[in-house]
Amino acid sequence: MQRAIPCSVLRGGTSKGLYFHARDLPADNALRDRVLLAAMGSPDARQIDGMGGAHPLTSKVAVVSPPSRADADLDYLFLQVVVDEARVDVSQNCGNILAGVGPFAIEEGLLAAHDGHTDVRIHMVNTKSMAVARVETPGGRVNYQGDARIDGVPGTHAPIPIDFLDVAGSSCGALLPTGNPKDVLDGVECTLIDDGMPVVVMRAADFGKAGTETPVALEADLSLKARIEKIRLEAGKRMNLGDVTKKNVPKMSLVSPPIHGGVIHTRTFIPHRVHEAIGVFGAVSVAAACVLPGTVAAEIARIMSRGTITMDVEHPTGFFTIEMDVTEDNGTPVIRRAALLRTARLLMRGHIFVPEGLA
């Protein structure tokens, strides 16, 4: 016997995941996690017995529900279903899966759409922060077709601009959790930063890397991965995240000078696989480091201007464009706003089947 649970599959940005109404999943978190592990087919490197795509970027879940705060239209809980472990991680946001939340909610009748476009105010439950996503809704229906292109996704689609309102320090308590633009961990200069995603920014050169290596080549370097993991575990303590052995934060970003006209070049461990691009909040955190004097990233990017700044963060499959409003307070840069462009597409709507005893 199996249990059918309503869900949709959407591509959000450069990720893909299952989207659920909160009401359709068990209220008990432990039981919910067992259901999601079965739905994705974890733990198994191929996720052959589930809907997962054998990669962290395709083993993601959005749980959407009515808002728990007055200034939001929706609550969005992100869950990372670990591919090869029986573990569901709730310690982070995902800005790519976020891009599909507005379309999903409108399609499912959780939110009324306007003619033209609909601004969706989304409470990101993981970090208790807010984002506003603008969804094209001509005639009150979600439009998925358009001319917007993002690196890492073939073709063009309708644009979904997203503004992040209060993400600085949302996981660690401060934009720079240690109060320092640079710290030294295991002999390596690092910038520990949280502008929506806890990230450790390090020079690729300090690991003997050019920063242009392929994700496959970096993943095959076991000594590199071991050293980065050692730094990550120490960084987690300093970033007020505690023991991060079983967490998917902080992300680890190796940076190097740009090669395609952007402000900085990146390779990001998420944390044990290398991203084929870069995560939304990971890119925002790296971009924030670029405008803060004294950070590892700022020494490479050398951005001195203030006001509205557009930055292209380079990654293995292209670049990620971020717009930031930067002011100063007694000579210290203050990031007032971060915005970016994503796209999304509804791929499937139906039911996921899990063993009856789980749900």
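Author: A residue counts as buried when its relative accessible area is under 20%, as exposed when it is over 50%, and as partly exposed in between. Please keep in mind that the model we are reading is predicted.

Reader: Which residues of strand β8 are on its covered face, and which are on the uncovered one?

Author: The general idea is that in a regular strand the side chains alternate between the two faces of the sheet. In strand β8, which covers residues 160–164, I160, I162 and F164 form the covered face, whereas P161 and D163 form the uncovered one.

Reader: How many bridges join strand β7 to β8, and how many join β8 to strand β16?

Author: Strand β7 (residues 129–137) runs antiparallel to β8, and 3 bridges join the two, while β8 and strand β16 (residues 332–342) are also antiparallel and are joined by 5 bridges. You can follow D163 to see both pairings, since V132 has D163 as its bridge partner in β8, and D163 stands opposite A339 in β16.

Reader: Which residues have the most contacts inside the largest nonpolar core?

Author: The largest nonpolar core has 85 residues, and those with the most contacts inside it are Y76, I162, F164, V201, M202, M311 and M324. Helix α6, which covers residues 280–291, gives the most to this core, with 10 residues. Another core lies apart from it and has 19 residues, among them L18, A39, M40 and V61. To look at one member of the larger set in detail, take V201, which, when residues up to four places away in sequence are not counted, touches E189, C190, T191, I193, S253, V255, V286, A289, V296 and A297.

Reader: T191 appears among those contacts. Is T191 buried or exposed, and which backbone atom does its side chain reach at 2.9 Å?

Author: T191 is found in strand β10 (residues 188–194), and because its relative accessible area is 0%, T191 counts as buried. A polar atom of its side chain lies 2.7 Å from the backbone oxygen of P181, and the side chain of T191 also reaches the backbone nitrogen of V296 at 2.9 Å. Leaving aside neighbours within four places in sequence, the contacts of T191 include L176, K182, V199 and T295.

Reader: What is the nearest side chain of opposite charge to D89?

Author: The general idea is that side chains of opposite charge can pair when their charged atoms come close. D89, in strand β5 (residues 88–89), is buried yet has no salt bridge, and the nearest side chain of opposite charge is R87, at 4.4 Å. This distance can be set against the cut-off for a salt bridge, in which the nitrogen must be within 4 Å of the carboxyl oxygen. The side chain of D89 does make a polar contact of 2.7 Å with the side chain of S91.

Reader: How many salt bridges does the count come to, and which residues are linked in a network?

Author: The count comes to 23 salt bridges, and K182, E189, R203, D206 and E299 are linked in a network of them. Within the network, E299 and K182 form a salt bridge whose closest N and O atoms are 2.6 Å apart. E299 lies in helix α7 (residues 296–301) and K182 in a loop, so the pair ties together parts that are 117 residues apart in sequence. E299 is partly exposed, with a relative accessible area of 31%, and K182 is partly exposed as well, at 26%. E189 forms a salt bridge with R203, again with the closest N and O atoms 2.6 Å apart. This pair links strand β10, where E189 lies, to strand β11 (residues 198–203), where R203 lies. E189 is partly exposed at 28%, whereas R203, at 17% relative accessibility, counts as buried.

Reader: How many residues apart in sequence are K230 and L185, and what is their separation in space?

Author: K230 and L185 are 45 residues apart in sequence and 9.0 Å apart in space, C-alpha to C-alpha. K230 belongs to helix α5 (residues 222–238), and because its relative accessibility is 53%, K230 counts as exposed. As a further case, G318 in strand β15 (residues 318–329) is 167 residues from D151 along the chain, and their C-alpha atoms are separated by 5.3 Å. G318 touches D151 and V313, when residues up to four places away in sequence are not counted.

Note on methods. Residues numbered from 1 in each chain as written. Predicted model: local features only at pLDDT ≥ 70, side-chain atom pairs only at ≥ 80, totals over all residues. Heavy atoms only, no water. Helix = DSSP H or I, 4+ residues; strand = E, 2+ residues; numbered from the N terminus. Buried < 20%, exposed > 50% of the residue type's maximum accessible area, 1.4 Å probe, protein only. Polar contact = N/O pair within 3.5 Å; in protein donor to acceptor, adjacent residues only side chain to side chain. Contact = heavy atoms within 4.5 Å. Core = buried A, V, L, I, M, F, W, Y, C linked by side-chain atoms within 4.5 Å. Lys, Arg positive; Asp, Glu negative; His and termini not counted. Pairing = 2+ DSSP bridges.
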